[in-house]
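Good morning, colleagues. I shall present one protein structure today, and I ask you to keep the sequence and the model in view as I speak.

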Amino acid sequence: MKTATDLFGGAGGSSEGLRRAGWHVAIAANHWPTAVATHQLNDPDTEHRIKDLSEVDWRTFPSTDLLWASPSCVWHARSGGRKRPPAEVERLRADAGAIDRATAFAVIEAAEVHHYPAILVENVVEFLDWTLFPWWLDGLRALGYQTETLVLDAKNFGHAQNRKRLFVAATRGLDVDLTAPSMPAVTAADILDPDPGKEVARRLYVSDQIDQIDTEGVPHLVTYRRHARPRRADRHQLATITAGGNHHAVATIVDGRPHHRMLTNRECARAQGFDDDYEFVGTAAEVKRQIGNAVPVGIAHWLGSRVAAALGTQQLPLFAA
Ligand SMILES: C[S@@+](CC[C@H](N)C(=O)[O-])C[C@H]1O[C@@H](n2cnc3c(N)ncnc32)[C@H](O)[C@@H]1O
């Protein structure tokens with residue numbers, strides 16, 4: 001069985017997708033013990049390390065056929081209105097952001113030691129705007145990798161969620177077919193519990209949206225964001241599941257009266273592609289963070305399958321730079 005390393009493995013969306021594609025995740029590492037505990041609970045056959053991956057002697061890690069890495073995206077993402085500083089400011093900053101972005105260098109450090117035949121990296125799309133992104137990509141090329149950059153949306157991979165993320169596929173001498181697949185759409189209604197929630201007894205932040213619902217008995221997605229509109233759950237996917245805050249709610253008119261509830265963590269986990277028997281460790285807020293951080297399982301499954309197919313048919317140029 002082909003082996004994979006999952007760096008910044010979190011709760012394990014990436015690992016779960018790789019396992020579904022037939023990979024054995026030999027090792028997973030992350031600095032957050034709660035996420036590692038979740039990963040361990042769901043894949044006890046994987047070696048787990050709680051590590052700050054900016055400070056690792058990569059010789060202590062095993063060599064595997066595939067490296068998956070999801071470096072921290074916190075300081076690339078511009079959610080919440082955070083703006084990118086000018087390039088000259090960004091280059092000089094020795095702040096938390098620079099240290100957080102530097103987690104991406106773990107990919108190059110590990111690749112230099114292990115010469116993985118294939119590397120898959122996930123991050124937010126804004127990773128492309130990072131001042132050092134071209135240099136980072138050149139680092140992989142200098143190690144002998146051909147690179148391909150893709151922006152993939154979870155909704156095209158069997159998820160009931162709109163979630164665009166950046167993926168970099170770096171391979172050495174492999175011909176990986178990354179032609180976008182055509183998968184049937186899954187709507188939010190497919191993953192929602194039937195519970196309509198409580199009858200709305202007072203004005204809510206989303207009441208303007210609820211007032212626009214004119215179809216009885218059909219759950220609608222209402223979002224705790226300005227200018228949001230209600231959307232029929234049987235025709236739409238959820239907005240992106242995030243690691244913090246609670247923005248997703250569902251509203252249904254039952255017997256002429258509006259009902260409303262927030263989405264559960266389990267529903268969010270389903271939108272990320274986790275089966276209901278996937279267990280999460282931690283408080284509700286910690287579980288939410290792990291789920292919101294995860295790589296959509298369906299995307300990891302597809303990418304893992306594509307790389308496995310290429311590895312299965314081709315001779316590997318092991319350790320040839
Ligand atoms: C995008 S999430 C990974 C998601 C994971 N691949 C999944 O599918 O569940 C990034 C993870 O990196 C972890 N992380 C951030 N900085 C780190 C560091 N310096 N060392 C190790 N892990 C770090 C975070 O705790 C978070 O769990």
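I shall begin with the overall fold, continue with the two sheets, and close with the ligand.

Please bear in mind that this is a predicted model. The protein comprises 10 helices and 12 strands. Of its 321 residues, 42% count as buried. Among contacts with a separation of 6 or more, 71% join residues 24 or more positions apart.

Let us turn to the seven-stranded sheet. This open sheet follows the order β3-β2-β1-β4-β5-β7-β6, and its pairing is mixed. Strands β3 (47-50) and β6 (146-153) each have a single partner strand, so one side of each lacks a neighbour in the sheet. On average, neighbouring strands here are turned by 15° against each other, direction ignored. Within the sheet, β4 (residues 66-69) and β5 (residues 118-123) pair in the parallel sense over four bridges, and L66 stands opposite A118 in β5. Helix α2 (residues 33-42) packs on this sheet, where it touches β2 (24-30) and β3. Helix α5 (residues 105-114) also packs on the sheet, touching β1 (3-7), β4 and β5, and its direction makes about 165° with that of β4.

The other sheet is open as well, with five strands in the order β8-β12-β11-β9-β10 and antiparallel pairing. Its edge strands are β8 (198-199) and β10 (231-232). Strand β9 (residues 220-223) pairs with β10 over two bridges; H220 has R232 as its bridge partner in β10.

Finally, which residues are closest to the ligand? They are F8, G10, G13, H31 and A294, out of 21 residues that surround the ligand. This shell consists of eight nonpolar residues, 12 polar and one charged.

Terms used
Residues numbered from 1 in each chain as written. Predicted model: local features only at pLDDT ≥ 70, side-chain atom pairs only at ≥ 80, totals over all residues. Near = placed C-beta within 6 Å. Nonpolar A, V, L, I, M, F, W, Y, C, P; charged D, E, K, R; others polar. Pairing = 2+ DSSP bridges. Buried ≥ 20, exposed ≤ 12 C-beta atoms within 10 Å, placed from the backbone. Contact = placed C-beta atoms within 7 Å. Axes fitted to C-alpha atoms, helices over the stretch in contact; angles between N-to-C directions.
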